[in-house]
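Here are my comments on the model you sent, set out as numbered points. Please read them with the structure open beside you.

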Amino acid sequence: EVNAGIWGHRKDTLDLDVYATDSRGIVVYDSQGQALGQDFSQWRDVKLTLEGRYGARTSTAVGYPSARGSQAVSSMYVAAPIRIAGRTVGVLTVSQPQAKVQALVDRAQRRVLESGLWMLGLSSAIGVAVTLWVVWHVRRLRRYAQTVQYGDAPGSGNGNGSGNAGLPDAPGELGDLAKALGGMRQRLDGREYVQGYLQALTHELKSPIAAVAAGAELLQDDLPAQDRAQFAKDIADQSQRMKRLVDRMLELARLEQGSALQFKAVPLEALLLGLRDECLQPASAAALRSLQLTVQAATSSAWLSEPALLRMALRNLIDNAVDFSPEGGTVTLSATSEEISVSDQGSGVPEYAMARLGERFFTTPRPDGTRSGTGLGLTITRRIGEQLGFELQFENLSHGFRVRLKLADSQVPSRAV
């Protein structure tokens, strides 16, 4: 019994036929017993083998039916020489009907077709995945470019972000394109930053320059001593206002350009006491208006923060509180491990203006009706808060106004220690 597996095909019959010829091509053996004595010398398998070459042929039975039964079918023949002492004395041919091999051919074709379909499907899936991957990155770059175009990209328009702020992370050449977009956005930000500051500074300097020019022109005339002194005072006041404005603009520019921060433990009580003594120096605004500055802070309270920037933020709040306090009033500086507050006894801030506090150049009238401020103090303090990790909270009191510097809840640089 034949029971063999050949390339996944189960073989259960013996389909090989064998015949042998002598050196003249005469059949001397036939497994079917039908071709004995016949001359096969002209068949390619016998002829070529006797000539010393590879002998093989495929043909139907002509004079030799290579099939089981009476029906002749196409068969494959492969021959090999029979040698004795190095001399070819005959030919041995093995044949098999092609129909018996066709099952193996058909299976091989199916395997090739299935493998081809699998490869086609896999290639299509890889192609779709790569296309979607590229499209996803390109769309992220497109959204980033659109946000830059409309001024909504992180850091755009402020000049305070790096060229890679909010930039999509992409590999290879797409990453190079993303970096190029980031560099372009950074240059655009710098240009918009300078342009915006020039426009704002020009706008804010118009009034004091006009006042100085008018006062200088009037001083050229013959005026009473009292008027001359008043105009000279106005010129000095406006010049001082321009100086404050330029100084504040420079401070804000340094903050928005960003610099390396060095965080240290800052004892809050010592910080507030130092600011109080500084603000009560002789000839200071607080001393001239007989204001009192009180400090309420636990000795152990401290923040891990940037000392210089924290001091600048508090000094801006204290200056505002001094400006809006009535003569002889009290400014209270309080600190805990979670917040620092500055309170005054002024008239507070109108409700309509609360939402605009911290806007660049926005000011409210002082108790004497003037607008001597630059409108940048709270802007600078808010920007410092963004860098150090605290937020500003405003509150009208029954008699006065309070500003809180409150540590934010998540991912903040500054924290209580």
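1. The largest nonpolar core of this predicted model holds 40 residues, and Leu310, Phe390 and Leu405 are those with the most contacts inside it. Helix 7, which covers residues 307-324, gives the most to this core, contributing eight residues.

2. Leucine 405 shows how this core is put together: leaving aside residues up to four places away in sequence, leucine 405 touches Leu310, Ala313, Leu314 and Leu317, among others, and its contacts also include Trp303, Ile340, Phe390 and Leu392 as well as the glutamates Glu338, Glu339 and Glu391. Apart from the largest core lies another one, of eight residues, with Tyr19, Val27, Tyr77 and Ala79 among them.

3. In helix 7, the buried residues include Leu309, Leu310, Ala313, Leu314, Asn316 and Leu317, and further along Ile318, Ala321, Val322 and Phe324. At 1.5 Å a residue, the 18 residues of helix 7 should span 26 Å, and because its end C-alpha atoms are 26 Å apart, the two values agree. The N-terminal end of helix 7 is capped by glutamate 306, a side-chain oxygen of which lies 3.1 Å from the backbone nitrogen of alanine 308.

4. Five strands form an open sheet with antiparallel pairing, in the order 4-3-7-6-5. Strand 4 (27-30) and strand 5 (56-59) each have a single partner strand and stand at the edges, so one side of each is left without a neighbour in the sheet. On average, and with direction ignored, neighbouring strands of this sheet are turned by 25° against each other.

5. Strand 5 runs antiparallel to strand 6 (residues 75-84), and four bridges join the two. Arginine 57 stands opposite tyrosine 77 in strand 6.

Notes: Residues numbered from 1 in each chain as written. Predicted model: local features only at pLDDT ≥ 70, side-chain atom pairs only at ≥ 80, totals over all residues. Heavy atoms only, no water. Pairing = 2+ DSSP bridges. Axes fitted to C-alpha atoms, helices over the stretch in contact; angles between N-to-C directions. Core = buried A, V, L, I, M, F, W, Y, C linked by side-chain atoms within 4.5 Å. Buried < 20%, exposed > 50% of the residue type's maximum accessible area, 1.4 Å probe, protein only. Contact = heavy atoms within 4.5 Å. Expected span 1.5 Å × (residues − 1). Polar contact = N/O pair within 3.5 Å; in protein donor to acceptor, adjacent residues only side chain to side chain.
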